[in-house]
Amino acid sequence: MRDVNLLKNNGIDVDSALELLGDMEMYEETLNDFLEVSEERMPKVEECFNNKDMKNYAIQVHAMKSDSKYLGFTTLAEMALEHQLKSEANDIDYILKHYDELIKEFNRILKVINQFLEDC
């Protein structure tokens, strides 16, 4: 049995995610999907960031925000929303200043998910 408290203790709102997804089995499947998608998404986010391509950066962080909100990653969802809004407003200074924070939180969430899914 996996320890849901690992998620909750790391600021993940499992309860709201379960309201949307129905049960733990579906939640775990969706977490696995998130991990797979993230492997493709992060290089795109980084490429858009490095190229200062705010239009496509906004698209990528919007998708990150939506997935994060759905799965109960509240802090990551809020950060991604802010990045989406700032990139849509072409506020490159904000993105440059706060990019590392976004990536740090994203990587923290990935680590927690992996730890949770490996727990049996």
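Start by selecting Glu-28 and Arg-2: they form a salt bridge, with the closest N and O atoms 2.3 Å apart. (A salt bridge here is a side-chain nitrogen of Lys or Arg within 4 Å of a carboxyl oxygen of Asp or Glu.) This pair links distant parts of the chain, since Glu-28 sits in helix H3 and Arg-2 in the segment before helix H1 (4–8), 26 residues apart. Helices are DSSP runs of H or I with at least four residues, strands are runs of E with at least two, and both are numbered from the N terminus.

Before you click on, keep in mind that this is a predicted model, where local features need pLDDT of at least 70, side-chain atom pairs count only at pLDDT 80 or more, and totals for chains, interfaces and linings use all residues. Residues are numbered from 1 along each chain as its sequence is written, and side-chain values use heavy atoms, with hydrogens and water left out.

**Stay at the first pair**

Is Glu-28 buried or exposed? Glu-28 counts as buried, because its relative accessibility is 17%. Arg-2, at 24%, counts as partly exposed. The cut-offs are these: buried means under 20% relative accessible area, exposed means over 50%, and partly exposed lies in between (1.4 Å probe, protein chains only). The areas themselves come from the Shrake-Rupley method with a 1.4 Å probe, and for residues only the protein chains shown count as cover.

Keep Glu-28 selected and add Asn-51. These two are 23 residues apart in sequence and 34 Å apart in space, C-alpha to C-alpha.

**Zoom out to the whole chain**

Now show everything as a cartoon. How many helices and strands does the chain have? You should find six helices and zero strands. Followed along the sequence, the pattern reads α-α-α-α-α-α. The radius of gyration is 15 Å, close to the 14 Å that the globule rule gives for 120 residues, so the chain is as compact as a globular protein of that length. (That radius is taken over C-alpha atoms, and the rule is 2.2 Å times the number of residues to the power 0.38.)

Turn the model around a bit. Its C-alpha atoms fill a box of roughly 45 × 25 × 20 Å, taken along the principal axes. Of the 120 residues, 42% count as buried.

**Two more salt bridges**

A search of the whole structure finds five salt bridges, and you have already met one of them, Glu-28 with Arg-2.

Next, select Lys-8 and Asp-15. They form a salt bridge too, their closest N and O atoms being 3.4 Å apart. Lys-8 belongs to helix H1. With 37% relative accessibility, Lys-8 counts as partly exposed, and Asp-15 gets that label at 44%. While Lys-8 is highlighted, pick Gly-72 as well: the two are 64 residues apart along the chain, and their C-alpha atoms are separated by 9.5 Å.

Now jump to Arg-108 and Glu-105, whose side chains meet in a salt bridge (2.9 Å, N to O). Both lie in helix H6 (residues 92–118), three residues apart, about one turn of the helix. Glu-105 is buried, with a relative accessible area of 11%, whereas Arg-108 counts as partly exposed at 30%.

**A charged patch on the surface**

Switch to a surface view and select Asp-23, Glu-25, Glu-29, Asp-33, Glu-36, Glu-39 and Glu-40. They gather in a patch of negative charge on the surface. For such a patch, residues must have over 30% relative accessible area and no salt bridge; like charges are joined within 9 Å, and nonpolar side chains (Val, Leu, Ile, Met, Phe, Trp, Tyr) within 5 Å. Lys and Arg count as positive, Asp and Glu as negative, while His and the chain ends are not counted. Each charge is placed at NZ of Lys, CZ of Arg, CG of Asp or CD of Glu.

Pick out Asp-33 from that group. It lies in helix H3 (residues 24–50) and is partly exposed, with a relative accessible area of 44%.

**Into the loops**

Where is Lys-52 found? Look in the loop between H3 and helix H4 (54–71). Lys-52 has a positive phi of about 55 degrees although it is not a glycine. At 45% relative accessibility, Lys-52 counts as partly exposed.

Then move to Asn-90, in the loop between helix H5 (74–88) and H6. Its phi is near 60 degrees, again a positive value in a residue other than glycine.

**Last stop**

Finish at Lys-86 in helix H5, which counts as partly exposed at 25% relative accessibility. Add Ala-58 to your selection: Lys-86 and Ala-58 are 28 residues apart in sequence and 8.2 Å apart in space, C-alpha to C-alpha.
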